[in-house]
Amino acid sequence: MSNTETRPAEMRCGGETEADRPAEVEILTARDVPLGGPRAMRVRRTLPQRARSLIGAWCFADHYGPDDVAGTGGMNVPPHPHTGLQTVSWLFSGEIEHRDSLGSHAYVRPGELNLMTGGHGIAHSEVSTPDTTILHGVQLWVALPDEHRGTEKDFQHYVPRPVTLNGGEARVFLGALAGDTSPVRTFTPLLGAELTVSPGARLVLDVDPAFEHGVLVDTGDVLVEDTPVERAALAYMAPGRTCLTLTNRGTAPARLILLGGPPFGEEIIMWWNFIGRSHDEIVQAREDWTKGSRFGEVRGYDGAPLPAPGLPNAPLKPRGRAR
């Protein structure tokens with residue numbers, strides 16, 4: 001799923017001592033965003049926000065569902081453009097049909113990764129399938145570094161195997177964790193995984209101390225380290241940790257999304273579905289989309305492309321360098 005807003009805004013481990021442990025967990029609370037018209041599906045957005053724009057190269061995180069499509073109409077996002085990013089689609093339930101201007105026609109299904117690269121420019125559509133009754137998942141974006149942000153369009157599909165952990169299970173869709181490595185190509189080091197923590201369990205994971213990390217809670221009564229994290233909130237942790245402790249205090253399994261990467265050393269401008277480095281670059285991308293150039297055609301979608309919203313009156317300003 002993409003940004004269809006009409007007014008887009010810009011247990012210790014390995015010998016670590018108490019003094020060695022990094023600073024406290026920072027909680028990022030989600031804001032509610034409607035996608036579409038009066039029967040719109042609503043999403044909970046934790047990135048970007050004023051407190052923090054990125055976690056590694058992760059720059060956008062929408063969490064949605066469980067959404068009864070009989071009441072909302074489900075997802076129906078017309079063809080729309082992207083520049084300067086990769087989109088990561090991950091479902092817990094339901095099914096979404098994906099079409100793009102590369103010619104890809106694929107389905108997003110639970111436990112299966114779809115990653116689309118829109119560097120110089122790509123367009124795609126996303127529609128929940130007729131058999132979908134409950135739609136539930138996350139949509140994530142990754143900012144491309146400057147040297148790769150004009151790369152050619154691409155699409156990758158991957159089904160990670162479940163990895164049994166002491167106290168849960170992991171599905172590693174990007175990067176490496178718990179002895180498993182995803183083969184999916186990215187342009188900066190990244191970690192992306194779905195974690196299940198068993199009832200009453202305490203799960204301890206070895207992590208890369210060069211990474212900052214985010215834990216998005218989908219379900220469960222969860223502690224990240226010793227900090228309670230409510231459903232739909234995202235817990236942020238700065239680099240320096242060699243392990244991460246996740247505790248499920250509930251009587252049902254907890255489900256989490258773990259994100260990570262080294263701090264992104266560049267400022268970005270993110271507006272609507274575009275990521276760039278200057279106001280003029282965003283203006284040009286919008287103009288190209290409006291004129292029908294650069295992004296290509298999405299074939300097979302029954303309907304018109306999504307029009308671009310109007311630009312703000314003030315120049316768009318860069319943001320995102322780690323604090």
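The following paragraphs lead through a predicted model, from a strand sheet to the nonpolar cores and then to a group of aromatic rings.

A convenient starting point is the open sheet, in which seven strands follow the order S2-S3-S4-S11-S6-S9-S12 with antiparallel pairing. Its edges are formed by strand S2 (31-35) and strand S12 (154-158), each of which pairs on one side only. On average, and with direction ignored, neighbouring strands of this sheet are turned by 20° against each other. In general terms, the strands of a sheet are held in register through backbone hydrogen bonds, in either a parallel or an antiparallel arrangement.

Within this sheet, strand S6 (residues 85-93) merits a closer look. Nine of its nine residues are buried, so S6 is largely enclosed by the rest of the structure. On one flank, S6 is joined to strand S9 (residues 113-118) by five bridges, and the two run antiparallel; here Thr 87 has Met 116 of S9 as its bridge partner. S6 also pairs with strand S11 (residues 134-143) in the antiparallel sense, over eight bridges, and in that pairing Leu 85 stands opposite Ala 143. S9 in turn pairs with the edge strand S12, again antiparallel and over five bridges. In this pairing, Leu 115 is matched with Gln 156 of S12.

The sheet leads on to the interior. As a general tendency, nonpolar side chains in soluble globular proteins are buried together. The largest nonpolar core of this model has 34 residues, and those with the most contacts inside it are Trp 58, Cys 59, Val 88, Leu 113, Phe 173 and Leu 174. Two or more residues each come from strand S4 (58-68), S6, S9, S11, strand S14 (168-174), strand S22 (234-237) and strand S24 (254-261). The most is given by S11, with five residues. The surroundings of Leu 113 can be listed in detail: leaving out residues up to four places away in sequence, Leu 113 touches Val 88, Ser 89, Trp 90, Gln 156, His 157, Tyr 158, Phe 173, Leu 174 and Val 184. Another core, of 28 residues, lies apart from the largest one and includes Leu 203, Phe 211, Val 215 and Ala 235.

A further buried site is found at Ser 128, which lies in strand S10 (residues 122-128). Its relative accessibility is 13%, and Ser 128 therefore counts as buried, the cut-off being under 20%. With neighbours within four places in sequence left aside, Ser 128 is in contact with Gly 73, Gly 74, Met 75, Glu 95, Ile 96 and Leu 135.

The UniProt record, an unreviewed entry, annotates residues 194-295 as "domain: Pirin C-terminal". Over residues 194-295 the chain is 13% helix and 46% strand, with the end C-alpha atoms 32 Å apart.

Aromatic rings close the account. Seven aromatic pairs are counted in the model. The ring centres of Trp 271 and Phe 274 are 6.3 Å apart and the planes lie at 35°, so this pair is tilted. For Trp 272 and Phe 274 the centres are 5.5 Å apart and the planes are at 85°, so that pair is edge-to-face. The three residues are buried: Trp 271 has a relative accessible area of 1%, Trp 272 one of 2%, and Phe 274 has 0% relative accessibility. Ring pairs link Trp 271, Trp 272, Phe 274, Trp 289 and Phe 295 into a cluster.

Terms used: Residues numbered from 1 in each chain as written. Predicted model: local features only at pLDDT ≥ 70, side-chain atom pairs only at ≥ 80, totals over all residues. Heavy atoms only, no water. Buried < 20%, exposed > 50% of the residue type's maximum accessible area, 1.4 Å probe, protein only. Helix = DSSP H or I, 4+ residues; strand = E, 2+ residues; numbered from the N terminus. Pairing = 2+ DSSP bridges. UniProt positions renumbered as here; feature names shortened; annotations may be inferred. Axes fitted to C-alpha atoms, helices over the stretch in contact; angles between N-to-C directions. Core = buried A, V, L, I, M, F, W, Y, C linked by side-chain atoms within 4.5 Å. Contact = heavy atoms within 4.5 Å. Phe/Tyr/Trp six-rings, centres within 6.5 Å; stacked < 30°, edge-to-face > 60°.
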